[in-house]
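Biologist: I have a model open and I'd like to learn how to read its strands and helices. Can you walk me through it?

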Amino acid sequence: MYGMLYESVAFYVQKEYGVDVWKRVCHIVDCKHSSFKTHQIYPDKLMPDFAAALAACTGETFDFFMNFFGKCFVRFFSNFGYDKMIRSTGRYYCDFLQSIDNIHLQMRFTYPKMKSPSMQLTHMDNEGAVIVYRSGRTGMSKYLMGQMAEVAKEFYGLDIKAYVLQSQNDIAGGTAGPIKLSDAPLTVVVKYRLDFDNRDYMAKRINVTAHPSHLSLKPINMSVFLDLFPFTIVLDHDMCITHAGEKIVETWILHNPGKNPKSFIGSHVMDLFECRRPKGTKIEWDTLKQMRTVLFEFELLRTGRNKAAYDAAMNLDFENLDELEFSEASATMRNSELQNEDEDEVDLATGEPKESQYLKSILIKGQMFYMKDLDALIFLCSPLIENLDELHGIGLYINDLNPHGLSRELVMAGWQHCSKLEMMFEKEEMRSDELEKSLDLADSWKKQGDELLYSMIPRPIAERMRNGEEAHCESFDEVSVIFIEVMNVYNGDSNKIQDAMLAVTTLNTVFTAIDEEIISPFVYKVETVGMVYMAVSGAPDINPLHAEHACDLALRLIKKVKALQIPDLSIRIGINSGPVVAGVVGLKVPRYCLFGDTVNTASRMESTSEPFKIHLSFNTAKKVREVGYKVVSRGHVKVKGKGEMETFWLLDTPKE
């Protein structure tokens, strides 16, 4: 299905039930699409999946939401201007019902991959109408009922009641297609009854009885009629061809060399044509007689395409041709066809298969009319041709087309504007590619921006700020704060630029190595100030093993920095555990900062430590020693602002 159908669902579900419900629904059905593109194809199964998920979330029924989705689509497509097309179909609701198939045909120019259903109005009365729905999809009958009800209400001011009279091959909740128990193709067929006030339409119907001016007209000679409409076919009650226009016969002969040209008249129409649209329609007298306003599309069946055979057939005397002569001519034509096909099979210059001169299937499109005087159905049609290339592809010429109407003008116009349209399409494709690249680039930039933001502010806090929430200060009962100072990097007395640049490079190498050891959410990097690197375990993500994780990080860093083998360089580490207050500070370059005596003490542990040693406060040492870490007392150390404190050296992790 095209994305516009799912756009309507997403928009109105969020509007009616809220964004949270829509997010829950997407999570339930595992929908990976955060948004839907109007002209992109998406899986059919998403529609019933959304309905089932909404039913589970809200308590309504599956059928209720399929009906709701149909109404949503009608409301939504008005934003694209398609409501004008609906309003222009006719004054009455029945005019719309008669034109649904034609609307779908027109929509295929904009949505070429659209798998539209076929719908025919089969009965009308003062109390409503009956329509027949045919489709290759199952489970969409309630969706259609929602569409019909919303169109009636929105555009015609009618409240209708729709219900199913008969149903065939329709399986609720599925869209993959009807279950096939045999190789024969199956079609979903549903007959609906629509109850509404239809008295105005029935009272003003034209052609219910013949107008007096029609009764005074003289009969038209059939040969004159067929000259005016050279692609016309006349059908009797058995759906056999009784008369046909000259051009449709010639075209059939062109595409069926070797067959008796006289066999066209008298053949069943389905022996010579395939009904492409409306899909699944039974080609029967009673059915076609009711479908006066439906546009039919037939494809000419053919056994071959050969110009020599066509010319031979055109030179035959059909009236005086006996069976023996036809058999001989048929054999000659067939041999000529096979010979030409063999000759054209391979291009001797390139070795590639040649394209046949006539490759296209011929499609004819028109309406079925019941002629009371003849007691016959007339298929008044013309070939579907877009441009001169297609005209040549089916073996026709401009003069073969109907002399009236716009067939010839449309073909010429199509040829004149073809190159312009192709250029426009190419430009649109290029723009589409550029847009996709821009979207990918924007996603990349967004990811980079997120990574930069999360490096300054913890992810949970950043997401709360994005949602408009204030970044309040938080207090943590106990965390472990780690300070690491890089020593012997830069001699402050040096005036050489080279020494300063070497110091920056060395410091970047060490800090990068430390960054690689930060494992979120166990340890969070707070900031770097000069030669000092600060981290914390237990904030902003609460972690009961904060002391152990801080010590593990410190031990890994000692090994990693030693492995760098930078001459004279060393680090010293200090760790303290206790309560802190944390929050985001600043507007221009916001930072996540820690405050409290615990931070000050951790800083003192680092400043009184020694190269490649880990200095622990009493609180931290007590916690890790209880779980087996190897800790030795350093004795009492004079700490600025604290006086004498008993501190410890961390030597190793617990032995397994």
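Modeller: We'll go through a sheet, then a pair of helices. Keep in mind that this is a predicted model.

Biologist: Okay, sheet to begin with. In what order do the six strands of the open sheet run?

Modeller: Read a sheet by walking across it, strand by strand. Here the walk goes S6-S5-S10-S9-S8-S7, and the pairing is antiparallel. At the edges sit S6 (241-244) and S7 (273-277), each pairing on one side only. From one strand to the next, the twist averages 35°.

Biologist: Let's zoom in on S10. Is it mostly covered or mostly open?

Modeller: For that you go through the strand residue by residue and ask how much of each can be reached from outside. S10 spans residues 376-383, and seven of its eight residues are buried, so "mostly covered" is the reading, with under 20% relative accessible area as the cut-off for buried.

Biologist: How many bridges tie S10 to S9, and how many tie S10 to S5?

Modeller: Look at each flank in turn. With S9 (residues 363-371), S10 pairs in the antiparallel sense over eight bridges. With S5 (residues 233-235), the pairing is antiparallel too, over three bridges.

Biologist: Which residues of S10 have a named residue opposite them?

Modeller: Try these in your viewer. Leucine 377 of S10 stands opposite tyrosine 370, and phenylalanine 379 of S10 stands opposite methionine 368. Over towards S5, isoleucine 378 of S10 has valine 234 opposite.

Biologist: And what links S9 to S10?

Modeller: A hairpin is read from its turn. S9 and S10 have four residues between them, and in that turn aspartate 375 has a positive phi of about 50°.

Biologist: Now the helices. At what angle do H2 and H3 pack?

Modeller: With two helices, you want the angle and the axis separation. H2 (residues 19-28) and H3 (residues 46-58) pack at about 125°, their axes 9 Å apart. H2 and H3 are therefore oblique to each other, and their crossing is right-handed.

Biologist: Which residues make that contact?

Modeller: On the H2 side, pick out Val21, Trp22, Arg24, Val25 and Ile28; on the H3 side, Phe50, Ala53, Leu54 and Cys57. Sorted by type, the residues of the contact come out as eight nonpolar, no polar and one charged.

How values were computed
Residues numbered from 1 in each chain as written. Predicted model: local features only at pLDDT ≥ 70, side-chain atom pairs only at ≥ 80, totals over all residues. Heavy atoms only, no water. Buried < 20%, exposed > 50% of the residue type's maximum accessible area, 1.4 Å probe, protein only. Pairing = 2+ DSSP bridges. Axes fitted to C-alpha atoms, helices over the stretch in contact; angles between N-to-C directions. Parallel < 35°, antiparallel > 145°, perpendicular 65-115°, else oblique. Left-handed = near helix turned anticlockwise from the far one by under 90°. Contact = heavy atoms within 4.5 Å. Nonpolar A, V, L, I, M, F, W, Y, C, P; charged D, E, K, R; others polar.
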